[in-house]
2 protein chains.
Amino acid sequence: MSQSERKSERHATTNVAACTCANLRKAARVVTQRYEAALQPTGLKATQFTVLATLTKRGDLPLTHLADALVLDRTTLTRNLKPLAGQGLITIENERDQRVRRIKLTAKGSKAFKAALPHWEKVQSKIVAGLGHKRWSGFLDDLAATIAEARST
Amino acid sequence: MSQSERKSERHATTNVAACTCANLRKAARVVTQRYEAALQPTGLKATQFTVLATLTKRGDLPLTHLADALVLDRTTLTRNLKPLAGQGLITIENERDQRVRRIKLTAKGSKAFKAALPHWEKVQSKIVAGLGHKRWSGFLDDLAATIAEARST
DNA sequence: CTCATGTACGTGCATATGCACGTTCTTTGA
DNA sequence: TCAAAGAACGTGCATATGCACGTACATGAG
C-alpha cells in the first residue's frame, strides 16, 4: 500500500476511526480534564467558568439567550446554573415578561471569574503552545466552522 | 483597530472567547446531536456506536484497554457498557486473571453495528462536505494532535 | 509460603447533556 | 375582548463523565 493510499484511507469519509463525532468527544474529554485540573484551586468547574466568562462578556441575558450563546440546551443550562446560584455567583431574576428568567452575574461571581482567569490562562497557554500558535489558531477556526455548520443543518 | 489587530485579539491566547475547552465542548455537543439524530433509527446512541466500532476494529479487549482506546475514564466505560450488555450487543466475561473483564462483541452487536454503518456514513459525509474534505482532514489531524498532547501532559 | 506491592475493577457522589412533555404567560387575530 | 397560537420555562427520564474510595486478585521479594 502506498503512502498516499494509506493516507487516503485514514482520512476516508467512511473510515469509522475518523468519526468526527467520536474524535471531537475524545478531545473534549481529555482537554476538559486539563482545564478542570487547572481550575481546581478556584473552586470552579470548566463549564461554570465558561458561563461566568460569557456573562462577563455579554452582560445579563435571558436563560434561552445564554443557552444559545453557550450552544447548550436550555434545560441543561437550567440545571448547570443551580450550583452557581447556590454559591451566589449568579442570580436568576424575573422580568416584566414573567416567562423570562434573566441570568445576572453577581459581584461575587465577577470576582470569582477574575480570580480564576490567571489559572485559565496558564492551561490555555499550555494547550496553545502544545499545538503551536498558528496551528491552534486554525484549529479554533475549524471548530467555529464546525459549530456553525452543524447548527445550521 | 486594524484588521490584523482584530484578528490577533480574536486569536489571542488570553481571549476567553477563544477557550479551547469551551469551543471543543460546544462543537462536541452540537455535532453529537447530528449523529444522534442520524443514528436514531438504529437504536444506538453515538457513544454506543463508537464502542461497537472500536470493538469491531480492535477485537475483544479488557475493560481498561477499551477505555484507553476510547480516551474514556474506566469507570465511565463500566457504566456506558451496561445498556449495551442489556441489549445483548456485548458480553462482559472473566478471564483466567479474575481481575480482568474482557469486553466482547456479540453476533447481535456486530449485526447492529453493520446495520448502523450506512446511517453513520450519511451524517459523517454531510459533516465532511460541510467543511470541505481537505479542511476536514486537517481538522481531524488537529483533533488527534490535541488528544495526544493533552493526554501526554 | 507469606506479605507487601501493584493491578483491575466497582460504587457513591456530583455534575453534564438533551429529549419529551406539560405549564405559565404573552401576543395576536377575529 | 377572547380564544388560539406561540414563547419561555421546569421536570422526569435516560445516558454521559470523572474523581475518591474501597475491594478483590495477582505477583514478586524474602
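Two strands are taken to pair if DSSP finds at least two bridges between them, and helices (H or I, at least four residues) and strands (E, at least two) are DSSP runs numbered from the N terminus. The model described here is predicted, with local features requiring pLDDT of at least 70 and side-chain atom pairs counting only at pLDDT 80 or more, whereas totals for chains, interfaces and linings use all residues. Residues are numbered from 1 along each chain as its sequence is written, chains are lettered from A and ligands numbered from 1 in the order in which they are written, and side-chain values use heavy atoms, with hydrogens and water left out.

In chain A, three strands form an open sheet in the order S1-S3-S2, with antiparallel pairing. Because strand S1 (61–62) and strand S2 (90–94) of chain A are at the edges and have a single partner strand each, one side of each is left without a neighbour in the sheet. S2(A) and strand S3 (residues 101–105) of chain A run antiparallel and are joined by five bridges; Ile90(A) has Leu105(A) in S3(A) as its bridge partner.

The interface between the two protein chains brings 62 residues of chain A into contact (heavy atoms within 4.5 Å) with 62 residues of chain B. The size of an interface is often given as the accessible area lost when the parts come together. Chain A and chain B bury about 5900 Å² between them, with 66% of it on carbon and sulfur atoms; buried area is the accessible area (1.4 Å probe) that two parts lose on being put together, summed over both. Two salt bridges are found across this interface, a salt bridge being a side-chain nitrogen of Lys or Arg within 4 Å of a carboxyl oxygen of Asp or Glu. The side chains of Arg135(A) and Asp142(B) form a salt bridge with an N to O distance of 2.6 Å. Also across the interface of chain A and chain B are 22 residue pairs in polar contact, both residues being at pLDDT 80 or more. A polar contact is a pair of N or O atoms within 3.5 Å; within protein, one must be able to donate a hydrogen and the other to accept it, and residues adjacent in sequence count only if both atoms are side-chain atoms. On the side of chain A that touches chain B, at least two residues each come from H2, helix H3 (46–58), helix H6 (107–131) and helix H7 (133–152) of chain A.

DNA strand D is surrounded by 24 residues (one heavy atom within 4 Å of the strand), the closest being Arg25(A), Thr64(A), Arg79(A), Arg99(A) and Thr47(B). A base nitrogen of DNA strand D lies 2.9 Å from a polar side-chain atom of Arg99(A), and a polar side-chain atom of Thr75(B) likewise lies 2.9 Å from a base nitrogen of this strand. A backbone N or O atom of Gln98(B) is placed 3.3 Å from a phosphate oxygen of DNA strand D. With five residues, H5(A) gives the most to the surface near this strand.

Around DNA strand C there are 24 residues, of which Thr47(A), Arg25(B), Thr64(B), Arg79(B) and Arg99(B) come nearest. Phosphate oxygens of DNA strand C lie 3.3 Å from a polar side-chain atom of Gln33(B) and 2.9 Å from one of Thr78(B), while a polar side-chain atom of Arg99(B) is 2.9 Å from a base nitrogen. H5(B) gives the most to the surface near DNA strand C, with five residues.
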